[in-house]
Amino acid sequence: MSTKGSTVGSGGNIVEHMLPEIECSFVHAGDVLSILLHTIFWQRTLVLLEPDDQWSESVQIGWTKVRHAAIEKEIDAVTHKMIQSTPHSKDGIQKIVQVQFLRTPKKSGGLWPTKSESKLAWEKWFVRLRITSNSASRADLSGQVRPVLDKICDAMQQDMEQHHVPKLDDGAMYPFEINLQEQAKTWGASLLGFAVGTV
């Protein structure tokens, strides 16, 4: 399975990053997802945190863990949900996890917030895994994961240069959401999803 992928441009005021798909075995999927999500959040966490450098034996790669209770809780929850919802398959099951970073617009001054004043996404990340029951060598898995980590870091640097990142008060953190996207069950449903822009 090809790991080719690209960063897609902004739609409206939202910058979207579609990461290359990684093929991994069922037993390694949780570690791979956790590493990728922690890397995204480490790059987007502007609060003062001490780096917690980790080494993954299963993936054979070094990474930085975000020591923040709310972030760790959400990453653990979506990782558990992904594993629990993935049947074993030799052909592979695609799973997409979406990370959204949000902002709250300035209030209009009214008593009740308007619809336009609810939290708005300004950046989205799509982490794509193809989970199979086949075992891959750790070298092969590391060879897939490492370029994706590099893409995350490169994209973050480009984003800072393009100034699309909202200003943040000292000591604050961007609101965020992590969601496991549901995949279409059939080929026909997939075509319908692409037609209406839901997959």
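How many helices and strands are there in the protein chain? In this predicted model, the count comes to four helices and eight strands. Following the sequence from start to end, they come in the order β-β-β-α-β-β-α-β-β-α-β-α. The chain has 199 residues, and 42% of them count as buried. Among contacts with a separation of 6 or more, 76% are between residues 24 or more positions apart. As for the outside, the accessible surface adds up to about 11,600 Å², with 52% of that belonging to carbon and sulfur atoms.

Helix 2 is a good place to start looking around. It runs over residues 69-84, 16 residues in total, and spans 22 Å from its first C-alpha to its last, close to the 22 Å expected at 1.5 Å a residue. Which residues of helix 2 are buried? They are Ile71, Glu72, Ile75, Val78, Thr79 and Met82. Looking down the axis of helix 2, these buried residues all sit within an arc of 140°, so they line one face of the helix. On the other side of helix 2, things open up: Ala69, Lys73 and Gln84 are exposed there. The buried residues have plenty to pack against, namely helix 1 (26-44), strand 5 (61-65), strand 6 (93-103), strand 7 (120-132) and strand 8 (176-181).

One of the residues touching helix 2 is found in a loop. Thr45 sits between helix 1 and strand 4 (52-56), and with a relative accessible area of 11% it is buried. Once neighbours within four places in sequence are set aside, the contacts of Thr45 are with Val66 and Ile71; Ile71 is also one of the buried residues of helix 2. The side chain of Thr45 also has a polar atom 2.3 Å from the backbone oxygen of Phe41.

Next come the charged pairs. Side chains of opposite charge can pair when their charged atoms come close. How many salt bridges does a search of the whole structure find? The search turns up five. One of them joins the side chains of Glu21 and Arg130, at 3.3 Å from N to O. Glu21 is in the loop between strand 2 (14-18) and strand 3 (22-25) while Arg130 is in strand 7, so this pair ties together parts that are 109 residues apart in sequence. Glu21 counts as buried, at 5% relative accessibility, and Arg130 counts as buried too, at 17%.

Strand 7 takes part in another salt bridge, this time between Arg44 and Glu123, whose closest N and O atoms are 2.8 Å apart. Here Arg44 belongs to helix 1 and Glu123 to strand 7, so the pair ties together parts that are 79 residues apart in sequence. Are these two partners buried or exposed? Arg44 is buried, at a relative accessible area of 4%, and Glu123 counts as buried at 0% relative accessibility.

A further salt bridge links Arg67 with Asp52, with 2.5 Å between the closest N and O atoms. Since Arg67 lies in the loop between strand 5 and helix 2 and Asp52 in strand 4, the pair ties together parts that are 15 residues apart in sequence. Arg67 is partly exposed, its relative accessible area being 46%. These two residues also belong to a network of salt bridges that links Asp52, Lys65, Arg67 and Glu72. That brings the account back to helix 2, where Glu72 is one of the buried residues.

Key: Residues numbered from 1 in each chain as written. Predicted model: local features only at pLDDT ≥ 70, side-chain atom pairs only at ≥ 80, totals over all residues. Heavy atoms only, no water. Helix = DSSP H or I, 4+ residues; strand = E, 2+ residues; numbered from the N terminus. Expected span 1.5 Å × (residues − 1). Buried < 20%, exposed > 50% of the residue type's maximum accessible area, 1.4 Å probe, protein only. Arc of directions from axis to C-beta. Contact = heavy atoms within 4.5 Å. Areas by Shrake-Rupley, 256 points an atom, 1.4 Å probe, with all protein chains shown as cover. Polar contact = N/O pair within 3.5 Å; in protein donor to acceptor, adjacent residues only side chain to side chain. Salt bridge = Lys/Arg side-chain N within 4 Å of Asp/Glu carboxyl O.
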